[in-house]
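Good morning, and thank you for making time for this presentation. I shall show the model and then take you through several of its regions.

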Amino acid sequence: MKLLSPVQTRALDQATIKAQHITSIDLMERAASAVTNWLLDELRLDYDTEIHVCCGPGNNGGDGLVVARNLHRAGYPVQLWLLPATRHSADCTQQQQQLPAGLAAQQIDPDNLTTIAAGAVVVDALFGTGLSRPLEGTAAALVRHLNGSGATVVAVDIPSGLYADAPQPADCAVVRADYTLSFELPKLAFLLPQNAGFVGDWRLLPIGLDPEVIHNTPVDMHFVTADELRGRLPKRPKFSHKGTFGHALLLAGSKGKIGAAVLATQACLRGGAGLVTTQVPAVGYDILQISAPEAMCLTDSATDCITELPDLAPYAAVGIGPGLGQHHDTRMVLRRLLQTARVPLVLDADALNMLGAYPELQKLVPPGALLTPHPKEFERLVGEPARDDYHRLDQLRDFAGRTGCYCVLKGAYTALAAPDGTLYFNSTGNPGMASGGSGDVLTGLLLALRADKRLSPLDAALLGLHAHGRAGDLALPHTGHAGLLASDIVRFIGPALEELMGE
Ligand SMILES: NC(=O)C1=CN([C@@H]2O[C@H](COP(=O)(O)OP(=O)(O)OC[C@H]3O[C@@H](n4cnc5c(N)ncnc54)[C@H](OP(=O)(O)O)[C@@H]3O)[C@@H](O)[C@H]2O)[C@@H](O)CC1
Ligand SMILES: Nc1ncnc2c1ncn2[C@@H]1O[C@H](COP(=O)(O)OP(=O)(O)O)[C@@H](O)[C@H]1O
Ligand SMILES: [K+]
């Protein structure tokens, strides 16, 4: 799915109206019906629920007016509130004029805000994508009042006060919604940790926006769904053999962190690599052979960390990082790998930390490599803390563009920046995966997919990120959030990949 800017969203509205020979009021009615149906079917409003609908001066307010009208007609006791404004949009004005007689709109008075019960439902239709500045005065007072009420707040399109694709100044009034019901496409703001407290659970309601216009709108940000990836993982041909899928080499582990090497190795095996060889320090030999018998094990001459780079000739892709440590000799191995490898690389964990600590190493990273930092590793990599989540995305794009690498930023909605600056947000995964070892599993899985020559670097990365999160989602019913271990993710990599397989 494309992530559109507010300007592009407005253009899409207009193009839809033109292409479908409808009026803007028709589109507003569709949007409001979708919200009303969600309130009735998903939130399951009771007839005795206290319901407040708060409407602003633009089309977001217009949506709210129609929701209030719909609920009123359906017999729900709606209290309708209007934000005082000097100017209203034409559609908002028209909707005000068409309110049924029994539904009175009340002006919001900042000095006499109505009491809102903790069990009430509030529909926030104050401002949408037309927000042009931080909320002040009556709007800000109302938003703070709503946020303190304990009511269930449902935001229409976007929580009022929140910009769709840019940070707002600190301490601005922004609605803290329990649910955000957006139309057709998500907004960048929904995908960033700093906005989680405002956006709550977000849902997309289809309203028939024109698919051709969406298709033709150029964007540099995507929210990648299962539908878009399904079929992009090639099926295994009938006469395939282990050579068909590539031989992956993993350099991982140090004393006390051989588990990271095991998890990444198991994930690489489950990711479908034809052959997997893992090099570990001598201390890891028995552990790895017992826990991953399908993998071959190269044993370093050093006991506790990796100090030797094997001959790279047999391998289709090389991964390095999980549990590696940052010993000087290990760093020399990383340096030689970066200098000599002619195959796809996956760099993670301490490999990234070393790139951060030694910028001259960073210059050696070959274009096309895949890097998988979490935010702290990314900060070390670029050597500068981000001002906020938007700035961090700018840094991510800049890094990918500058180095020619594919760079991941792990977390909920993991982002991937491609060398051309395009950002892709992953749609799978759950907070149960926020525990040690999950990232090692991702590295192993991505390594397997990079070793498969049938996949482009971009597809390998997108498929791997998706399948990793999906495997976590498939594991969840068996483990619960707290009980979800990295090894559970490994167990479900196979089924997750199977869902993406096509001709
Ligand atoms: N996308 C879709 O597919 C569909 C979209 N639809 C809906 O339309 C919504 C977008 O509507 P919209 O463009 O009228 O903008 P919206 O946010 O309601 O208000 C703008 C008004 O507020 C004002 N204003 C701005 N900031 C302010 C502030 N801080 N404090 C005070 N005032 C402020 C601003 O004034 P100005 O900036 O001009 O001074 C202007 O008058 C969208 O979110 C969705 O809900 C659906 O109906 C149909 C399908
Ligand atoms: N809240 C979350 N929602 C979805 N995925 C998550 C969440 N928290 C963590 N993950 C995923 O789990 C992995 C954690 O990686 P990382 O932080 O490197 O862990 P570790 O180094 O302990 O293995 C990443 O792939 C990340 O996207
Ligand atoms: K809103």
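**A buried loop and two ligand shells**

Leaving aside neighbours within four places in sequence, V174 is in contact with V143, P159, G161, L162, Q168 and F198; a contact here is a pair of residues whose C-beta atoms, placed from the backbone, lie within 7 Å. This is a predicted model, in which local features need pLDDT of at least 70 and side-chain atom pairs count only at pLDDT 80 or more, while totals for chains, interfaces and linings use all residues. Residues are numbered from 1 along each chain as its sequence is written, and chains are lettered from A and ligands numbered from 1 in the order in which they are written.

V174 belongs to the loop between strand 5 and strand 6. Helices (H or I, at least four residues) and strands (E, at least two) are DSSP runs, numbered from the N terminus. V174 counts as buried because 25 other C-beta atoms lie within 10 Å. The cut-offs are these: buried means 20 or more other C-beta atoms within 10 Å of a residue's own, exposed means 12 or fewer, and partly exposed is in between, with C-beta atoms placed from the backbone. From V174 to G411 the C-alpha distance is 24 Å, with their positions 237 residues apart in sequence.

The loop between strand 5 (152-156) and strand 6 (179-183) also holds S160, and D157 is found there as well. D157 is buried, because it has 25 C-beta neighbours inside 10 Å. Its phi is near 75°, a positive value in a residue other than glycine. As background, most residues other than glycine have a negative phi.

Let me turn to the annotated positions. Which residues does the UniProt annotation "binding site" cover? The record, an unreviewed entry, gives N60, D124 and S160. Although they are spread over 101 residues of sequence, they cluster in space, and the largest C-alpha distance is 9.3 Å. UniProt positions are given in the numbering used here, feature names are shortened, and annotations may be inferred rather than shown by experiment.

D124 is in strand 4 (residues 121-125) and is buried, because it has 31 C-beta neighbours inside 10 Å. Not counting residues up to four places away in sequence, D124 touches ten partners that you can follow on the screen, including C54, L146, P159, S160 and A177. S160 counts as buried because it has 29 C-beta neighbours inside 10 Å. With the same sequence exclusion, the contacts of S160 include G56, D124, F127 and V175.

Next, the ligands. Around ligand 1 there are 29 residues, of which G58, N59, N60, G128 and G130 come nearest; a residue is near a molecule if its C-beta atom, placed from the backbone, lies within 6 Å of it. Helix 1 (6-19), helix 2 (24-41) and helix 3 (59-73) are the elements that give two or more residues to this shell. Helix 3 gives the most, with five residues.

Is helix 3 mostly covered or mostly open? It is mostly covered, as twelve of its 15 residues are buried. Among the buried ones are N59, N60, D63, R69 and L71. The buried residues of helix 3 pack against helix 2, strand 1 (51-55), strand 2 (78-82), helix 4 (90-97), strand 4 and strand 5. Just after helix 3, G75 takes a positive phi of about 95°.

Of the 18 residues around ligand 2, A412, G429, A434, S438 and G439 come nearest. Helix 16 (438-451) and helix 17 (457-479) each supply at least two residues of that shell, and the largest share, four residues, comes from helix 16.

Y413 is in the loop between strand 16 (406-409) and strand 17 (415-417). Y413 is not a glycine, yet has a positive phi of about 50°. It counts as partly exposed because 19 other C-beta atoms lie within 10 Å.

Finally, the overall division. The domain assignment gives domain 1 (6-219) and domain 2 (228-502); such bounds come from an automatic or database domain assignment. The contact takes six residues from domain 1 and seven residues from domain 2. The centres of the two domains, taken over C-alpha atoms, are separated by 41 Å. UniProt, in an unreviewed entry, places "domain: YjeF C-terminal" at residues 225-500. Over residues 225-500 the chain is 44% helix and 13% strand.

Methods. Two residues are in contact if their C-beta atoms, placed from the backbone, lie within 7 Å.
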